[in-house]
Amino acid sequence: MYKILYNKIMKVGIFCNRSAKRFTDIRRDLLRILEQKNISYEVYYSVDEIGAIDILFVLGGDGTILKVAIEAGRKNIKLIGINAGNLGFLTEFEGEQIEEAVDLIHGQFQTDKRTVLEVCVGDKHFYALNDVVFQRNNSTEADNNVVSISTEIDGNKVDSFIGDGIIVSTPTGSTAYSLSAGGSVLAPGIDAFILTPICAHSLHNRPIVYSDHSIMHVLLEKDAVAALFCDGSYICNVTFNDAIFIQRAAFDVTFISRPDSNFFAKLLYKLNKWS
């Protein structure tokens with residue numbers, strides 16, 4: 001995390017989630033303020049539309065940010081989230097703070113780089129800002145209602161997990177599914193990932209924090225099938241025949257935040273609101 005001074009004309013985009021509860025009013029106010037300040041912009045409604053811009057305002061909740069995060073990271077676009085949804089752990093501003101958000105890009109702000117997970121299944125590569133999840137097959141055709149998964153880190157066996165599956169989370173995702181499954185909260189600046197079992201059938205299985213410079217090998221028992229999810233989106237089914245590795249991606253996702261931004265204050269507020 002570091003401070004920079006915005007002192008040149010930047011290309012601005014707006015990504016909109018039409019289904020967000022307060023989307024209409026927030027979008028109207030943001031466009032009005034940008035026009036008042038003579039800031040040109042482009043509006044996007046799908047990830048494929050995102051062009052060559054420097055800053056992307058994201059109107060929605062955490063799900064909306066997750067939808068655009070990987071594309072933004074690849075294109076080195078800075079994200080600034082405005083909460084038009086419910087919880088909003090990843091959004092820096094609430095809907096009534098739009099003018100403050102616009103003023104921020106003209107002044108001093110912090111950039112907060114968040115690590116990304118890369119999961120390789122054979123020769124296919126998938127990415128996640130929050131988490132990679134391997135979950136038991138819920139199909140009515142499944143032979144077993146649990147899945148057995150073993151993990152190795154840098155070639156060393158970690159453990160075998162029998163239960164609903166496992167979650168591999170970044171610090172960003174540690175406040176999401178992993179937290180609900182009993183995982184620890186990792187502060188954003190920690191260079192680590194967390195492996196969290198989901199409803200394990202053994203009391204000795206516990207969340208494990210490990211270096212994000214390591215490579216994890218995921219192995220399913222013979223004839224086992226699990227569903228792979230990245231940031232909550234179903235990717236594919238994987239089997240014991242698949243070569244599955246998880247590592248830190250070559251790119252990060254960059255968020256814009258206020259100079260007085262406080263992760264722990266936001267965490268306390270959001271957790272109290274959530275509970």
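Let's start in a loop: D223 sits between strands β16 (216-220) and β17 (225-230). Strands here are DSSP runs of E with at least two residues, helices are runs of H or I with at least four residues, and both are numbered from the N terminus. D223 has a phi near 70 degrees, which is a positive value in a residue other than glycine. D223 also counts as exposed, because its relative accessibility is 62%. For that label, exposed means over 50% relative accessible area, buried means under 20%, and partly exposed is in between, using a 1.4 Å probe and protein chains only.

Before we go on, a quick word on what you're looking at. This is a predicted model, where local features need pLDDT of at least 70 and side-chain atom pairs count only at pLDDT 80 or more, while totals for chains, interfaces and linings use all residues. Residues are numbered from 1 along each chain as its sequence is written, and side-chain values use heavy atoms, with hydrogens and water left out.

Now hop to another loop, the one between β14 (192-198) and β15, where you'll find C199. C199 isn't a glycine, yet its phi is positive, at about 50 degrees. C199 is exposed, because its relative accessible area is 54%. What about C16, buried or exposed? C16 is buried, because its relative accessibility is 4%. A disulfide is a covalent bond between the sulfur atoms of two cysteines. Here we count one when a pair of cysteine sulfur atoms lies within 2.5 Å, and the structure holds 0 of them.

Follow the chain into strand β15 (residues 208-211) and you meet I208. I208 counts as partly exposed, because its relative accessibility is 27%. Skipping neighbours within four places in sequence, the contacts of I208 are V158, F193, I194 and L195; contact means heavy atoms within 4.5 Å. Pick G51 as a landmark: I208 is 157 residues from G51 in sequence, and their C-alpha atoms are 39 Å apart in space.

Next stop is E118, in strand β8 (residues 117-121). E118 is buried, because its relative accessible area is 9%. Which residues touch E118, leaving aside neighbours within four places in sequence? There's H125, F126 and Y127, plus F245, I246, Q247, R248 and A249. As for S214, 96 residues away from E118 along the chain, the C-alpha atoms of the two are 12 Å apart.

Time to zoom out. The protein has 5 helices and 20 strands. Its C-alpha trace spans about 60 × 35 × 35 Å along the principal axes. The radius of gyration is 20 Å, which agrees with the value near 19 Å for a compact globule of 275 residues; that radius is taken over C-alpha atoms, and the globule rule is 2.2 Å times the number of residues to the power 0.38.

Of the 275 residues, 51% are buried. If you take contacts between residues at least 6 apart in sequence, 68% join residues at least 24 apart. Finally, look at charge: there are 26 positive and 33 negative side chains, with the centres of the two sets 6 Å apart. Lys and Arg count as positive and Asp and Glu as negative, with His and the chain ends not counted, and each charge is placed at NZ of Lys, CZ of Arg, CG of Asp or CD of Glu.
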